[in-house]
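Welcome, and please open the model in your viewer. We will go through it one selection at a time.

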Protein chains: 2
Amino acid sequence: MDLVAGVLAGDRLALARLITRVENDTPEGREALNRLFSHTGRAHLIGVTGSPGTGKSSLVNLIAKAYRNPVDDTPPCKVAVVAVDPSSPFTGGALLGDRVRMRDLAGDPGVFVRSMASRGALGGLSHTTAAVVQVLDAAGFDKILIETVGAGQSEVDIARLAHTTLVVEAPGLGDDIQAIKAGILEIADILVINKADRPGVENTERALRSNLELAHPERMRFGSCGRGGKDNQPKTDLLQSSADEIWVPPILRTIALQGSGVTELKAAIERHLAYLRSSGEWQQREHERLQTELNQLLQAVLVARWREGVSDAELREVVARLQERELSPLKAVEQLLDLDAVPESY
Amino acid sequence: MDLVAGVLAGDRLALARLITRVENDTPEGREALNRLFSHTGRAHLIGVTGSPGTGKSSLVNLIAKAYRNPVDDTPPCKVAVVAVDPSSPFTGGALLGDRVRMRDLAGDPGVFVRSMASRGALGGLSHTTAAVVQVLDAAGFDKILIETVGAGQSEVDIARLAHTTLVVEAPGLGDDIQAIKAGILEIADILVINKADRPGVENTERALRSNLELAHPERMRFGSCGRGGKDNQPKTDLLQSSADEIWVPPILRTIALQGSGVTELKAAIERHLAYLRSSGEWQQREHERLQTELNQLLQAVLVARWREGVSDAELREVVARLQERELSPLKAVEQLLDLDAVPESY
């Protein structure tokens, strides 16, 4: 079976198989990414990140359902979920109760759920996730929800993949991890306080708001904070320079288990999408992402090409001299590449 | 002033200045690393990682003092502290009370404290930290304590720099962040339960012990758990293969604010050092670290050398065609490098 043709024709089994090839970085997987590339660039990538205990998996579930069954007159979207969170029920790390909750997505042909199994791949988790998202994009999913635990650098990298990043909080999780949150807030396009029926929700919102001001002082000069921000107003001047447009991350409240707040959340996500399109930021992010991908690939290929011309014996000898401290790493590189001096710009 | 000569002569001002050059990746900093390299490889690098709230900064303080003022007949060591933890009082993120506590290290010429200021450098935080540690190593510090917050991938990478990694816990921090801890435990050589006078210490130890068994099943087959492990026994057969030696991470209790438990902790650190030397793991880790450094430098230099031969116009054109989805990233690389096909091994 030609998996690429299958994926483009909407075959779910082909899709699942091809994703496995891509995750394992097989030659077939690489060739498939090559062929699928011209079909990518259309999906809206939505990152959902936050600490364990915030209920973000339930929220992802709820957002997926909201896009499948719109309450207004918008058409239903095809939705994919990529879970890279080890504590997510999508990846199987959670309680039975959570798994049961996910069942109402199963069986819907407009939904595809994939958990990232391996963390060991060559380019790292963020590279693999980017590749899997490309396959889903080419397969025609309109919205791709990428769920991460939001703790490490690789999770931040994954969130950066997304066009729209949701950072999920919950009242009463303590502020011990404030230092971690700071970095996360910088990448937030929308802040969600889930479990908003819990005590302490006002404190959480206040803390988020002041952290947000620290993270985005340049954004906060415009309009009032949060939902009342400039982003919410109708655009009055179509000739206005795009640099004038500022997205102020709104803070929304949800109770995922009761389904409350999701209509407003979906509206905020769509508002952010409209902002990305009208401000030129969509193009800008695409450009940066492709540039990064190109750079990484260039590096890998340059090293591989160089490696083909070097004998194992020579490499071993240089490493041995390095270990004896006879050669510094820079001198070792000069010798291996047969250079008088390395370029200053490295 | 020749900063390199100053550093080798023990000049603290030269040391502080050179570290700044190295952090900023200036040509002078690179050249200095080159010259200092033959003086490196002697320091014992001790990573100390853990969540905020575990009191690991106080513990670092205490370990430094224990090495400065030994209670037994061992000579005092020269100690450097590199703090890459944004919540550490060494980096200035904490309360005044913490800063005061640190004062008893200040003024001691055998102690040098450095907090990592920038996260923005080219090779990332772990690259910069490795370079700073090399300077301190060449400057003759015997023990270099590297304090990290232990949350993200880059912090894990920094911990991997170390010969001996301490993971610090405290009772009553909740197990919400268990998913994060799992990855951290895999890198632990010694586990420390600080604030051991708090209620819940038994539960914390039990939880650590069972997580440890999950992280290191192969280690746990040997001897009993923790302090009673094989590592604690005198070596009976000097001809024994080094592969037979197994380090079982001990779990120790400390109360940093009262200074209790630090003698045992220092003994465990020294026991681990002896293990590294006798098992051949010290050499093995050195080898891996140098190999990684060589690979990263090779990549950077190969890209820089290639970039010198490519016009901005050609690069822009390829990126534009990439953005139009006319070229896939792989095809773009083939065109830029003038290859019929990229090597399969990339």
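How many helices and strands does the secondary structure of chain A come to? Select chain A and turn on the cartoon: there are 14 helices and seven strands, where helices (H or I, at least four residues) and strands (E, at least two) are DSSP runs numbered from the N terminus.

A word before going on: this is a predicted model, in which local features need pLDDT of at least 70 and side-chain atom pairs count only at pLDDT 80 or more, while totals for chains, interfaces and linings use all residues. Residues are numbered from 1 along each chain as its sequence is written, and chains are lettered from A and ligands numbered from 1 in the order in which they are written.

Stay with chain A and colour by burial. Of its 346 residues, 42% count as buried, that is, with 20 or more other C-beta atoms (placed from the backbone) within 10 Å of their own.

Next, show both chains. Here 56 residues of chain A are in contact with 56 residues of chain B, contact meaning that C-beta atoms, placed from the backbone, lie within 7 Å. On the chain A side, select α3 (27-36), α7 (153-161), α8 (178-185), α12 (281-308), α13 (312-323) and α14 (329-337), each of which supplies at least two residues. The largest share, 17 residues, comes from α12(A).

The copies meet through the same surface, because 100% of the interface residues of chain A are also interface residues in chain B.

Finally, superpose chain A on chain B, by least squares on the C-alpha atoms of residues with pLDDT of at least 70 in both. A turn of 180 degrees and a shift of 0.0 Å along the axis give an RMSD of 0.1 Å. That is the relation of a two-fold axis.

Conventions: Two residues are in contact if their C-beta atoms, placed from the backbone, lie within 7 Å. A residue is buried if 20 or more other C-beta atoms lie within 10 Å of its own, exposed if 12 or fewer, and partly exposed in between; C-beta atoms are placed from the backbone.
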